[in-house]
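Visitor: Before we look at any detail, I would like to hear how each label is justified. Could you set every value against its definition as we go?

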Amino acid sequence: MVTATLGDPTESDTVARVLDANADIETSYGGNFVDSIDGYSGSAAGGGAEDWFFFVNGYFSDVGAGEARVRPGDRIWWDYRYWSAAYRVPAVVGSWPEPFLHGYDGERPATIVECLTDHEPCARVVAALAAEGVEPRLVASRRPVPHPDALRVLVGPRRTLRSDPTARQNEDGPGASGVN
């Protein structure tokens, strides 16, 4: 609905302020909660509450829109959906190359490409990330290995990926995995 670019955000710029400068919005809770964007309002109609959710650099925000600061290069994504569909989707992949480039709260994350298959597909993933300015580290292994302080990109056949608890969440639907 709205595409906008903020060239040089100030310390006082928040997600709500950027949205307000580019769309007609209604807020509540001191400007922290966005109730309506350009006439599309959250509602409880049809048995399930619809609302606006936002993501910064692909991550679901853990603070309200009036508190979430905007930094240079941040990509903000507003999503209108039913609460019951997937209340808390932790990340969205449509913000490519985020969250790999700027990460959460302005900190660039370590990115690991776990290669669980032939080298060629893994090399393509590493090249795609590098072309966007990400500096991934390639790790070859037979089984997925947790890397708690890094973003992981698993590359391999589905039967191998199923051995990873995080990847296995995809089988339980968007409420568990956040993947639609």
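Guide: Two strands pair if DSSP finds at least two bridges between them, and the elements themselves are DSSP runs numbered from the N terminus, helices being H or I runs of at least four residues and strands E runs of at least two. This is a predicted model, in which local features need pLDDT of at least 70, side-chain atom pairs count only at pLDDT 80 or more, and totals for chains, interfaces and linings use all residues. Residues are numbered from 1 along each chain as its sequence is written, and side-chain values use heavy atoms, with hydrogens and water left out.

Visitor: What makes S2 and S3 a pair of strands?

Guide: Two bridges join S2 to strand S3 (residues 40–41) in an antiparallel arrangement, and the definition asks for at least two bridges. Ser 36 stands opposite Ser 41 in S3. Two residues lie between these strands in their hairpin, where Asp 38 takes a positive phi near 45 degrees.

Visitor: How do you know that S1 pairs with S2?

Guide: Strand S1 (residues 25–28) and strand S2 (residues 33–37) run antiparallel and are joined by four bridges, against a requirement of at least two. Val 34 in S2 is the bridge partner of Thr 27. S1 and S2 form a hairpin with four residues between them, and Tyr 29 in the turn has a positive phi of about 55 degrees.

Visitor: Why is the contact between Glu 114 and Arg 152 called a salt bridge?

Guide: The term requires a side-chain nitrogen of Lys or Arg within 4 Å of a carboxyl oxygen of Asp or Glu, and the closest N and O atoms of Glu 114 and Arg 152 are 3.1 Å apart, so the pair meets the definition. The two residues come from distant parts of the chain, with Glu 114 in strand S7 (residues 110–115) and Arg 152 in strand S9 (residues 150–155), 38 residues apart.

Visitor: Why is Glu 114 called buried?

Guide: Buried means under 20% relative accessible area, exposed means over 50%, and partly exposed lies in between, with a 1.4 Å probe and protein chains only. Glu 114 has a relative accessible area of 0% and is therefore buried, whereas Arg 152, at 23%, counts as partly exposed.

Visitor: What makes Glu 114, Arg 152 and Asp 164 one network?

Guide: Arg 152 and Asp 164 also meet in a salt bridge, at 3.0 Å from N to O. Arg 152 lies in strand S9 and Asp 164 in the loop between helix H3 (158–161) and helix H4 (165–168), so this pair ties together parts that are twelve residues apart in sequence. Asp 164 counts as buried because its relative accessibility is 3%. Salt bridges that share partners join Glu 114, Arg 152 and Asp 164 into the network.

Visitor: How do you know that Glu 120 and Arg 124 form a salt bridge, and what separates them in helix H2?

Guide: Their closest N and O atoms are 2.7 Å apart, and they are four residues apart in helix H2 (residues 119–131), so about one helical turn separates them. Glu 120, at 45% relative accessibility, counts as partly exposed, while Arg 124, at 52%, counts as exposed.

Visitor: Where is confidence highest, and where is it lowest?

Guide: On pLDDT, the predictor's confidence in each residue from 0 to 100, helix H2 is highest at 95, and helix H5 (residues 174–177) is lowest at a mean of 65. The protein chain averages 84, and 89% of the residues score at least 70.
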